[in-house]
Amino acid sequence: MRGINRLDLATSEGKVLGDNYQTDHWKLRGGPAGLHLFNRTTGLNILLDDVPPPASLYSRAPRQVSIAITNRCDLACAHCYAPKSLDELQFDTIVRWLTELDEHGTLGVGFGGGEPTLYPEFALLCQCLAHKTRLSLSFTTHGHQIDDALAESLRGSVNFIRVSMDGVGATYESIRHRSFAELLSQLKKVQSISQFGINVVINGQTLPDLNDVAIVAADIGACELLLLPQVPVRGVPAISSDDMQSLRRWVDSYRGPLKLCINESSAEGFPTCDPLVQEPGLRAYAHIDARGVLKPSSYSDTGLKLSDGSVLQALDQLAHDLEENNI
Ligand code: SF4
């Protein structure tokens, strides 16, 4: 992606692009790749990379964070890697961390778990953060807890929703033990809140359904398909190398309307595009689990328990620990 200059942007803000382009919708972060402008309302990213910014303008916080706000879930999927515990983060603590991260350049937060819609004050949390910060808010959900009242209270606060749908019909029902017809009806409620995408855990059971998942997802209004090759967990093996090969072939042959995405740890061998390749690791992403442990990813065994102090200082300490241990 090549950049546009500041004058182009200032002109566009004022005269051409309309209300979503007002200054308070834009957020700016600096890094080795350039100056990165982001609009949480439209999801538009602009990278000004003609002249590298000085290191003094680099943002200290990761570009994106994910937070497991609760480990509670009312389903019991075999592939689930969330710890089976009732750990849950405090409302005020989440707001404090995210306010600090927002001030130091984080662009977005993704809530997960567990099932985030089971968090007692989930809608209030999203409303509070939408008002208090300029973060883009997203969450990952199985979708079955979203009723009309929750949909109404999330509208305007949440920018993107990721819904888990690993197969269609009987495949979906054998994994989630919920009705597929009910999920389709829930997706209409999801669609009324914000743009949404579908997450698919890929393994030997779900791969044969992938075409149908993509067709159903596009038909019902999703804009993105996130492919999540199965990671080993509690006796469930990782996706086989044959299935990974089949997934690569499927991606190469896909011609549908959905944007395809894959998690970073599985991306090798896929045709990915990363305009911010100079900003890896904790500059790009960090995860906080439901026990308040800061990690380089949700799968990582390495982490640092957050105390009452600054989350930025904890990030610096974690970066130091990872470097010392060559992780
Ligand atoms: S819905 Fe998500 S959090 Fe709940 S058991 Fe399934 S994978 Fe785990």
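A residue counts as exposed if 12 or fewer other C-beta atoms lie within 10 Å of its own, as buried if 20 or more do, and as partly exposed in between. The legends below apply these terms to a predicted model.

**Figure 1. Two exposed loop residues with positive phi.** His-177 lies in the loop between α5 (169–176) and α6 (180–191). With 10 other C-beta atoms within 10 Å, His-177 is exposed. Although not a glycine, His-177 has a positive phi of about 55°. Arg-234 occupies the loop between β9 and α8. Arg-234, again not a glycine, takes a positive phi of about 40°. The environment of Arg-234 holds 10 other C-beta atoms within 10 Å, and Arg-234 is therefore exposed.

**Figure 2. The open sheet and its edges.** The sheet is open and is formed by 10 strands with mixed pairing. Their order is β10-β9-β8-β7-β6-β5-β4-β11-β12-β13. The edges are held by β10 (259–262) and β13 (304–305), each of which has a single partner strand, so one side of each has no neighbour in the sheet. Elsewhere in the sheet, strand β7 (residues 160–164) pairs with strand β8 (residues 195–202) in the parallel sense over 5 bridges. Within this pair, Ile-161 has Phe-196 of β8 as its bridge partner.

**Figure 3. Strand β5 and its two parallel neighbours.** Strand β5 spans residues 108–112, and 5 of its 5 residues are buried, so the strand is largely enclosed by the rest of the structure. Gly-108, Gly-110 and Gly-112 point one way from β5, whereas Val-109 and Phe-111 point the other way. Strand β4 (residues 64–68) pairs with β5 in the parallel sense through 5 bridges, and Val-65 stands opposite Val-109 of β5. Between these two strands the chain passes through helix α2 (residues 91–103), giving a right-handed β-α-β crossover. Strand β6 (residues 136–141) runs parallel to β5 and is joined to it by 4 bridges. Leu-137 is the bridge partner of Val-109 in β6. A right-handed β-α-β unit is made by β5, helix α3 (residues 122–132) and β6.

**Figure 4. The surroundings of the ligand.** The residues around the ligand are Cys-73, Leu-75, Ala-76, Cys-77, Cys-80, Ala-82, Gly-113, Gly-114, Glu-115, His-142 and Ser-164. By class, this shell consists of 6 nonpolar, 4 polar and 1 charged residues. Between Gly-113 and Gly-114 the peptide bond is cis, with omega near 15°. Gly-114 belongs to the loop between β5 and α3.

**Figure 5. Close-up of Cys-73.** Cys-73, one of the residues surrounding the ligand, is located in the loop between β4 and α2. With 18 other C-beta atoms within 10 Å, Cys-73 is partly exposed. Apart from neighbours within four places in sequence, the contacts of Cys-73 are Ala-82, Gly-113, Gly-114, Glu-115 and Leu-118. Cys-73 and Thr-141 are 68 residues apart in sequence, and their C-alpha atoms are 10.0 Å apart in space.

**Figure 6. Val-200 and Val-213 in the largest nonpolar core.** The largest nonpolar core has 65 residues, of which Val-200 and Val-213 touch the most other members. Val-200 is part of strand β8 and is buried, with 22 other C-beta atoms within 10 Å. Not counting residues up to four places away in sequence, Val-200 touches Met-165, Asp-166, Thr-206, Leu-210, Val-213, Leu-225, Leu-227 and Leu-228. The C-alpha atoms of Val-200 and Gly-167 are 7.5 Å apart in space, and the two residues are separated by 33 residues in sequence. With residues up to four places away likewise left out, Val-213 touches Met-165, Gly-167, Val-168, Ile-198 and Val-200.

**Figure 7. Helix α7 and its packing.** Helix α7 comprises residues 210–219, and its buried residues include Leu-210, Val-213, Ala-214, Val-216 and Ala-217. An α-helix has 3.6 residues a turn, so residues three or four places apart point the same way. The buried residues of α7 pack against β8, β9 (224–229) and α8 (241–253). Gly-221, just after α7, takes a positive phi of about 105°.

Notes. Residues numbered from 1 in each chain as written. Predicted model: local features only at pLDDT ≥ 70, side-chain atom pairs only at ≥ 80, totals over all residues. Core = buried A, V, L, I, M, F, W, Y, C linked by C-beta atoms within 7 Å. Contact = placed C-beta atoms within 7 Å. Near = placed C-beta within 6 Å. Nonpolar A, V, L, I, M, F, W, Y, C, P; charged D, E, K, R; others polar. Pairing = 2+ DSSP bridges. Right-handed = clockwise from strand over helix to strand, strands pointing away.
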